[in-house]
Amino acid sequence: MRRASVLTAIGLTLGALLSAPATGQAQTAADYWTPEKMRSAVPVERLVTAPEAVAGEVLAGVPEVVPAAFPTTGAPWTGGGDVVRTAGRVFFTMGGQNASCSGDAVTSGNKSTVITAGHCVKYQGAFHTNWIFVPAYDDGNAPYGEWPATTTLTTPQWEAGEDINYDVGAAVVAQVDGQSLTDVVGSQGIAFNQPRNQSMYTFGYPAAAPYDGTTLIHCSGSTFTDFLLTQDHGMACGMTGGSSGGPWFLQFDEQTGRGVQASVNSFGYVFLPGYMFGPYFGAEAQALYAQAQSA
């Protein structure tokens with residue numbers, strides 16, 4: 001059976017530890033995204049097809065954690081806290097069409113690193129253009145500014161074959177008004193090589209019905225390991241297209257809105273509605289993060 005017949009792309013996979021060429025397009029991207037263009041951007045899942053490659057084993061590395069109402073299957077987040085600022089929508093142009101995903105600002109050496117899904121930075125051999133991150137997006141408004149990418153990154157597995165097990169991407173964003181991203185919005189911790197099948201929270205800005213991309217949505221509950229085609233985390237979650245790249249958190253505190261990010265919204269099976277899957281953050285995700293935060 002072709003993978004395209006059973007997977008719906010709410011995300012894709014880690015590509016290569018390569019970056020988009022530095023072309024000085026950061027200001028161009030910031031100028032490009034007007035409120036009207038952000039409102040009309042389509043969920044990226046409408047523009048991509050599910051990958052056919054079946055991945056090999058996800059490599060483990062040295063365990064690492066960078067410090068930093070339950071359950072629910074897709075409700076607006078009303079708890080406040082740091083996640084309201086660190087999570088946001090991602091906008092970009094892909095194949096001539098404006099599209100959207102989700103992302104999250106994480107603790108990093110450069111104070112400018114956003115983690116998202118692999119297909120939210122690159123698809124079918126081409127990095128997206130006009131890439132910006134809008135933390136705390138609100139119906140076309142950017143209360144904490146628009147942060148254009150200077151570099152976008154993915155991993156060898158995504159670059160070589162769009163391997164669904166590695167659907168992780170990263171972006172390094174430019175300073176805005178002389179300030180770095182996490183100095184303005186704060187940051188979440190990020191974790192690698194952690195035990196599976198724990199309770200987690202996931203966030204995103206789904207823009208396909210019944211959602212419209214204007215509200216931060218969350219799911220929470222116990223996770224399981226995919227027993228079908230991937231080694232991803234799975235969770236009961238009804239978020240739709242546009243939530244790709246939104247963060248999954250371990251140790252999430254509803255009072256503070258803080259946790260450690262350990263996955264991203266990636267994909268759902270067509271024949272298994274109401275479930276979201278996200279890649280395990282192993283050695284390759286760890287290496288991607290290391291490259292991004294030092295860029």
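Good morning. Cys-219 and Cys-237 are both buried. The model under discussion is a predicted one, and I shall begin with this pair of cysteines.

The sulfur atoms of Cys-219 and Cys-237 lie 2.1 Å apart, and the two residues form a disulfide. The dihedral about the S-S bond is 70°, which gives a right-handed link. Cys-219 belongs to strand S16, residues 217-222, while Cys-237 sits in the loop between strand S18 (233-236) and strand S19 (247-253), so this disulfide ties together parts that are 18 residues apart in sequence.

How many disulfides does a search of the whole structure find? The count is two. The other link joins Cys-101 to Cys-120, again with the sulfur atoms 2.1 Å apart. Here the value about the S-S bond is -80°, and the link of Cys-101 and Cys-120 is left-handed. Cys-101 lies in strand S7, residues 97-105, and Cys-120 in the loop between strand S8 (113-116) and strand S9 (122-123); the pair therefore ties together parts that are 19 residues apart in sequence. Are Cys-101 and Cys-120 buried or exposed? Both are buried. If the bonded cysteines of the protein are numbered in sequence order, the pairing reads 1-2, 3-4.

I turn next to strand S8. With S7, the strand that carries Cys-101, S8 pairs in the antiparallel sense over two bridges. Within that pairing, Ala-105 has Val-114 of S8 as its bridge partner. S8 also pairs with strand S13, residues 169-173, in the antiparallel sense, over four bridges. Thr-113 is matched there with Val-172 of S13 as its bridge partner.

Which residues of S8 lie on each side of the strand? Thr-113 and Ile-115 are on one side, and Val-114 and Thr-116 are on the other. As a general point, side chains in a regular strand alternate between the two faces of the sheet. All four of these residues in S8 are buried, and both faces of the strand are thus covered.

Finally, the largest cavity. The space in it amounts to about 60 Å³. Its lining consists of 13 residues, and those nearest the centre are Gln-194, Pro-195, His-233, Leu-250 and Ala-262. By class, seven of the lining residues are nonpolar, five are polar and one is charged. Two of the strands named earlier return at this point: S18 spans residues 233-236 and S19 spans residues 247-253, and His-233 and Leu-250 are among the lining residues nearest the cavity centre.

Thank you for your attention.

Conventions:
Residues are numbered from 1 along each chain as its sequence is written. This is a predicted model: local features need pLDDT of at least 70, side-chain atom pairs count only at pLDDT 80 or more; totals for chains, interfaces and linings use all residues. Side-chain values use heavy atoms; hydrogens and water are left out. On a 1 Å grid over the protein atoms alone, a cavity is a set of points where a 1.4 Å probe fits but cannot get out, and a pocket is an open set with protein on both sides within 12 Å along at least five of seven lines; lining residues have an atom within 4 Å of a point. Grid points are joined across faces, edges and corners, and a volume is the space filled by probe spheres set on the points. Ala, Val, Leu, Ile, Met, Phe, Trp, Tyr, Cys and Pro count as nonpolar, Asp, Glu, Lys and Arg as charged, and the others, Gly among them, as polar. A disulfide is a pair of cysteine sulfur atoms within 2.5 Å. Buried means under 20% relative accessible area, exposed over 50%, partly exposed in between (1.4 Å probe, protein chains only). Two strands pair if DSSP finds at least two bridges between them.
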